[in-house]
Amino acid sequence: MTHTHHHDKVTDMHYLHLLSQSFPTIADAATEIINLEAIMNLPKGTEHFLADLHGESEAFQHVLKNASGNIKRKVNELFGNDIRETEKKELCTLIYYPERKLELIKAAETDIDDWYHITIHQLVKICRDVSSKYTRSKVRKSLPQDFSYIIEELLHERTEDNNKAAYVNVIVDTIITTGRADDFIIALCNVIQRLAIDQLHILGDIFDRGPGAHIIIDTLRQYHSWDIQWGNHDILWMGACAGNKACICNVLRLSLRYANLTTLEEGYGINLVPLATFAMETYGDDPCDEFVPRLLKGQQMDEKTLLLTARMHKAVCVLQFKEEAKIFKRRPEWKMEHRCLLDHVDYQRAVCTIDGKEYEMKSCHFPTVDPAHPDALTPEEELLMEKLRHSFAVSEKLHKHIHTLLSHGCMYAIYNSNLLFHASIPLNADGTLKEVDLYGDKYSGRELLEKTGQMIRTAFTADSDPDERHFARDYFLYLWCGADSPLFDKSKMATFERYFLKDKETYKEEKGWYFQLRNEPDVCDRILDAFGVEGPQRHIINGHVPVHVAKGENPIKANGRLMVIDGGFSEAYHQETGIAGYTLVYHSRGFQLVQHEPFTSSADAIQRGSDIKSTTQIVEMSAHRMLVSDTDKGRELRAQVQDLKQLLYAYRHGLLKEKRS
């Protein structure tokens, strides 16, 4: 900043007074400037992008540990041809699962001290490499207390010097002879894992299908730095947590459909006994064929449990259609009343009329439906619904987890010229941004997502206007299945049709314009412009839609402007996509799109060192190594340096006095 600007900037003395409390002397301010300038010249930290975890906690934890091959890449760079492939594999597995791998090695290794020596030296070398991207103070903060002094000594010693080599060997010897080698190795491995990734981005859908959504959120709560762009399944669970009965039914229905009650029962303590009792009483003589759960490979279930699950599934399904119809009728502006399909059934003839056309039903057994008032709940259903709502309302863990999602995320985010959102931006047929009605006003693009995020938070804030809060609670349902929802963006969710109608034509869900046009570079550019994303290499990054690799679909669209990284963690999709999906790594040399084959299990990974097999597509490599100064963080740091220079000016010209202690 030139001196001509000084007078107008220095007039903000109030701000400089505040700043002077942190940097009370010229020396303090000058030291901080030097420190910030040094940080700006470090390589850019590695960002890791994952999407659509769908409760597959084991696969998620493995990808988190191996940083989508980032650690393997480091091991290859460092040890290239010096050690054998099998040794590299062993080393990687040790870094991912130190405790469990150590058990195996100690059982098999004949000369354990020799192994300790070699391994500790190798780990220190890797640790030195991954920590070279950070300042000493940041590395220090990542070190475990027990060993921070020793690790720091080892990281900053250059072993080329013979005297120093002896010194390092003594340290390693002492660690081994004092019986601390295991703990030390575990500590080092954890530091390597932590420093391998600077920021983790989750592009939505932690919930659904898999058994461990609660485990994923617990893992994230311990993670050093992460953000989330909410997905449609996250919103559904938020709605359930906020007390939206239609969302509660949908959450239960999906869990029953995939026979996955672990998250509900073990994770969040939701009591399903009332539902089971009600289902047995109401549908005890109903075969419930359409409702037999879909078991994934390896899932076992006896005949009795299968039938009970199917009956619970049907009971909650009918409840869902009734609760949804009530909300659709309460909010006519959503134009979703045509989805109240219980109103369109001729219960005598077992046909359903859609758009003036009659369709035959697979079955027509609705003991709780009054044809004159199809969406009225029976007294037993009322009681059951209230018990279920109460169960979600009092689950402390669920509320804690939803709060975590609220505090770490929103509908979209922009990091380093990348626009992140889960599914779509509503568009018109010509590719322009669509104006969508939200609580009486129209919004599009960035404003639409911002208002949506505020509306979601309104449902959880006690001091918001009661009418708006009631609307916000209802709105979760629209976000889940409304045609103009940025998280759905299809003509309809054909749940009723798939369960009850024979004609498969009725199952068709027309995708919205975003999904049809997102391969067009100018459409992507228009969206990026609307969100104010700048930079020569800017991208949209989405999850949500599995990439059909088997059919030749490419995850990179619109000439590289858009990347779709549905993590494909969910087993339910492996048939469809032919792979287990993608993750994305953005390090200082550029983007790497990592394609995964299905994950077997962590036990397998440890026993046989079978990593998730990943093939890497280099998306863009930059000519020079990107530095912190090339990132958003760099922009912040530059602004801080300017402010500190103002402070120095104020001290030196007597506008402020130094506060010497």
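Student: What makes helix H14 (residues 232-242) mostly covered?

Tutor: Count its residues: 11 of the 11 are buried. Buried means under 20% relative accessible area, exposed means over 50%, and partly exposed is in between, with a 1.4 Å probe and protein chains only. Asn 232, His 233, Asp 234 and Trp 237 are among the buried ones in H14. Keep in mind that this is a predicted model, where local features need pLDDT of at least 70 and side-chain atom pairs count only at pLDDT 80 or more, while totals for chains, interfaces and linings use all residues. Numbering starts from 1 along each chain as its sequence is written, and side-chain values use heavy atoms, leaving out hydrogens and water.

Student: Why do we get to call H14 a helix, and what comes just after it?

Tutor: Helices here are DSSP runs of H or I with at least four residues, strands are runs of E with at least two, and both are numbered from the N terminus. H14 spans residues 232-242, so it qualifies as a helix. Just after H14, Gly 243 takes a positive phi of about 100°.

Student: What makes an empty space a cavity?

Tutor: On a 1 Å grid over the protein atoms alone, a cavity is a set of points where a 1.4 Å probe fits but cannot get out, and lining residues have an atom within 4 Å of a point. Grid points are joined across faces, edges and corners, and the volume is the space filled by probe spheres set on those points. By that rule the structure holds five cavities of 30 Å³ or more. The largest has a volume of about 160 Å³. Among its 14 lining residues, Phe 321, Glu 324, Phe 328, Arg 339 and Met 493 are the closest to its centre. Helix H18 (303-330) and helix H23 (495-500) are the elements that give two or more residues to this lining, and H18 gives the most, with four.

Student: Which cavity does H14 help to line?

Tutor: The second largest, where H14 and helix H15 (245-257) each give two or more residues to the lining. Its volume is about 70 Å³. His 233, Leu 236 and Trp 237 are among the residues that line this cavity.

Student: How many lining residues of the second largest cavity are nonpolar, polar and charged?

Tutor: Five are nonpolar, five polar and two charged. Ala, Val, Leu, Ile, Met, Phe, Trp, Tyr, Cys and Pro count as nonpolar, Asp, Glu, Lys and Arg as charged, and the others, Gly among them, as polar. Asp 208 and Arg 209 are in that lining, so they count as charged. For the largest cavity, the split is nine nonpolar, two polar and three charged.

Student: How do you know that strand E15 (residues 582-587) pairs with strand E16 (residues 590-596)?

Tutor: Two strands pair if DSSP finds at least two bridges between them. E15 and E16 have six, in the antiparallel sense, so they pass. His 587 stands opposite Gly 590 in E16, and the two strands form a hairpin with two residues between them. E15 also pairs with strand E1 (residues 47-50) over three antiparallel bridges, and there the bridge partner of His 48 is Val 585.

Student: What makes E4 and E6 edge strands?

Tutor: The open sheet has the order E4-E5-E6, with antiparallel pairing. Strand E4 (345-346) and strand E6 (357-360) each have a single partner strand, so one side of each has no neighbour in the sheet. Strand E5 (residues 351-354) is joined to E6 by four bridges.

Student: Why is Thr 368 called buried while Arg 349 is called partly exposed?

Tutor: Thr 368 has 7% relative accessibility, so it counts as buried. Arg 349 has 48%, so it counts as partly exposed. Thr 368 lies in the loop between E6 and helix H19 (379-393), and Arg 349 in the loop between E4 and E5.

Student: What makes the pair Arg 349 and Glu 358 a polar contact?

Tutor: A polar contact is a pair of N or O atoms within 3.5 Å; within protein, one must be able to donate a hydrogen and the other to accept it, and residues adjacent in sequence count only if both atoms are side-chain atoms. The side chains of Arg 349 and Glu 358 make theirs at 2.7 Å, and Thr 368 has one with the side chain of Glu 381 at 2.9 Å.

Technical notes: 1 Å grid on protein atoms, 1.4 Å probe; cavity = no way out; pocket = protein on both sides within 12 Å on 5 of 7 lines; lining within 4 Å.
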